[in-house]
Structure formats: structure tokens, C-alpha cells
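Let's take a friendly walk through this model together. Keep the sequence and the 3D view open as you read.

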Amino acid sequence: SANTVNVDRSLLSNRENLSSDLNQFCNSICLCQECPLGITRNNFVFGVGDPNAELMLIGEAPGEKEDQKGEPFVGRSGKLLDKILRAINKTRSEGVYIANVLKCRPPNNRDPARDETVACRSYLEGQIELIKPRLILAVGRIAAQALLHSDSPVGRLRGRPHFLNTDSTF
């Protein structure tokens with residue numbers, strides 16, 4: 001069964017304490033054992049970046065390097081991401097927040113299982129609710145399908161904006 005995470009609404013009104021609020025949220029969930037991935041992970045990979053970011057990048061799950069370091073997008077894809085961010089005058093710490101649908105690495109970097117995605121859903125919802133990005137970029141099929149509650153191929157999702165209902169779960 002998936003955890004339900006309630007984000008204290010008083011945290012949402014004070015943007016100055018947002019970094020502390022994100023840390024507090026991370027600390028409250030980082031020992032999660034809601035799915036079997038909690039047993040096999042090295043590190044819970046919460047997310048990194050600017051807590052006041054207008055842009056949030058969401059990938060599918062940590063890979064081996066991310067699991068070792070405890071930070072999303074640090075391997076080859078992370079190096080490419082850093083170059084892309086520089087091209088739009090952004091960095092990991094300024095203007096962008098980076099997270100994943102899953103907070104733990106699936107074995108052998110396999111696609112996340114549905115029950116794993118469901119178990120982590122409230123954690124990502126909490127991050128989105130706290131950060132309140134203006135724009136979310138889903139990096140890849142798994143992230144797009146999880147955010148949009150869709151099994152449509154990426155080709156059908158691509159090329160048009162999608163909107164998350166911020167008054168309820170995504």
C-alpha cells in the first residue's frame with residue numbers, strides 16, 4: 001500500500017523556508033520501505049536543485065551512479081543535462097529542480113514496476129506541491145506516463161502541453 005503524504009499547508013505559504021521544508025520532507029520519507037526497492041538501494045534519491053525553481057525536471061528512477069551518490073542525473077545523462085542547462089543559462093542549483101518518479105534504483109536499471117511507481121507517487125506529489133514549478137519537463141516515457149496517468153506512447157504525448165491539476169494528485 002502506498003503512503004499518503006500530507007504536506008503541511010503552512011509550509012506552502014512561506015517561500016523563504018522552502019529549502020528547509022524540502023529537507024524536512026526528505027528526512028520524513030527517506031527511510032521508506034513501501035516497496036522491495038527500499039531493501040536493495042544504497043541511497044534514497046530525493047532530488048536536488050533550487051527549491052524556488054520555475055522548471056522541474058523529472059526522470060524515471062535512479063541508475064547505478066545515482067544510487068551510489070544519492071543524487072539524480074549524475075552519470076553520462078547528468079553530464080549531458082548539465083550542458084543543456086548551461087545552454088539555457090540554468091544550473092542544477094539555480095532555476096531548476098531535478099527529481100525522479102522513483103526514489104530508489106530498480107535492479108539492473110530495469111523499468112519501474114507499477115507498484116513501485118504507485119508507492120513513490122505521493123513523494124513526488126509532495127515535491128511538486130512544495131516547489132510549485134511553472135513548468136515540468138518529463139524526461140522519458142516512464143516519467144511522462146507516470147505524471148499524466150497514461151499508458152500512451154511518448155509519440156502521442158509529445159508536441160503539446162499537458163496540465164497537472166494542482167488542487168489534487170497528479
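## A word before the tour

A residue is called buried when its relative accessible area is under 20%, exposed when that area is over 50%, and partly exposed in between. Keep in mind that this is a predicted model.

With those cut-offs, Cys30 is partly exposed, because its relative accessible area is 23%. Cys26, on the other hand, has a relative accessible area of 16% and is therefore buried.

## The chain as a whole

The chain has 170 residues, and 46% of them are buried. Its secondary structure adds up to eight helices and four strands. Reading from the N terminus, you meet these elements in the order α-α-α-β-β-α-α-β-α-β-α-α.

How far apart in sequence are the residues that contacts bring together? Taking contacts between residues at least 6 apart in sequence, 73% join residues at least 24 apart.

## Two helices side by side

Helix α2 covers residues 18–29 and helix α6 covers residues 114–131. Their axes are 10 Å apart, and the helices pack at an angle of about 170 degrees. Angles over 145 degrees count as roughly antiparallel, so that is the description that fits α2 and α6.

Which residues make this contact? From α2 come Leu18, Asp21, Leu22, Phe25 and Ile29, while α6 brings Ser122, Tyr123, Gly126, Gln127, Leu130 and Ile131. Sorted by character, the residues of this contact are seven nonpolar, three polar and one charged.

## Aromatic pairs

Searching the whole structure turns up two aromatic pairs. In one of them, Phe25 meets Phe46 edge-to-face, with 5.8 Å from centre to centre and 75 degrees between the planes. Phe25 belongs to helix α2, whereas Phe46 sits in the loop between α3 (37–40) and β1 (48–49), so this pair links distant parts of the chain, 21 residues apart. Are these two rings buried or exposed? Both Phe25 and Phe46 are buried.

Phe44 and Tyr123 also form an edge-to-face pair, with 6.3 Å between centres and 65 degrees between planes. Here Phe44 comes from the loop between α3 and β1 and Tyr123 from helix α6, 79 residues apart. Phe44 and Tyr123 are buried too. Two names may look familiar: Phe25 and Tyr123 are also among the residues in the contact between α2 and α6.

## The two cysteines again

How many disulfides does the model contain? The count is zero. For Cys26, the nearest cysteine sulfur is that of Cys30, 5.2 Å away.

A disulfide is a covalent bond between the sulfur atoms of two cysteines. The cut-off used here is 2.5 Å between the sulfur atoms. At 5.2 Å from the sulfur of Cys26, the sulfur of Cys30 is therefore too far away for a bond.

## Around Pro106

Pro106 is found in the loop between β3 (96–100) and α6. Its relative accessibility is 1%, so Pro106 counts as buried.

What does Pro106 touch, leaving aside residues up to four places away in sequence? The answer is Leu37, Ala61, Pro62 and Pro112. Ala61 is 45 residues from Pro106 in sequence, yet their C-alpha atoms are 7.4 Å apart in space.

## Positive phi angles

Most residues other than glycine have a negative phi. Against that background, Phe73 is worth a look, with a positive phi near 55 degrees. Phe73 lies in the loop between α4 (64–69) and α5 (76–87), and counts as buried because its relative accessibility is 13%.

Asn108 has a positive phi near 55 degrees as well. Its place is the loop between β3 and α6. With 73% relative accessibility, Asn108 counts as exposed.

## A covered helix

Helix α7 (residues 141–148) is mostly covered, with six of its eight residues buried. Those buried residues are Ile142, Ala143, Ala144, Gln145, Ala146 and Leu147. Which elements cover them? The cover includes β2 (55–59), α6, β4 (135–138) and α8 (154–157).

Just after α7 comes His149, with a positive phi of about 50 degrees.

Terms used
Residues are numbered from 1 along each chain as its sequence is written. This is a predicted model: local features need pLDDT of at least 70, side-chain atom pairs count only at pLDDT 80 or more; totals for chains, interfaces and linings use all residues. Side-chain values use heavy atoms; hydrogens and water are left out. Axes are lines fitted to C-alpha atoms, for helices over the stretch in contact, and angles run from 0 to 180 degrees between N-to-C directions. Angles under 35 degrees count as roughly parallel, over 145 as roughly antiparallel, 65 to 115 as roughly perpendicular and the rest as oblique. Contact means heavy atoms within 4.5 Å. Ala, Val, Leu, Ile, Met, Phe, Trp, Tyr, Cys and Pro count as nonpolar, Asp, Glu, Lys and Arg as charged, and the others, Gly among them, as polar. Rings of Phe, Tyr and Trp (its six-membered ring) pair if their centres lie within 6.5 Å; planes under 30 degrees apart count as stacked, over 60 as edge-to-face and the rest as tilted. Buried means under 20% relative accessible area, exposed over 50%, partly exposed in between (1.4 Å probe, protein chains only).
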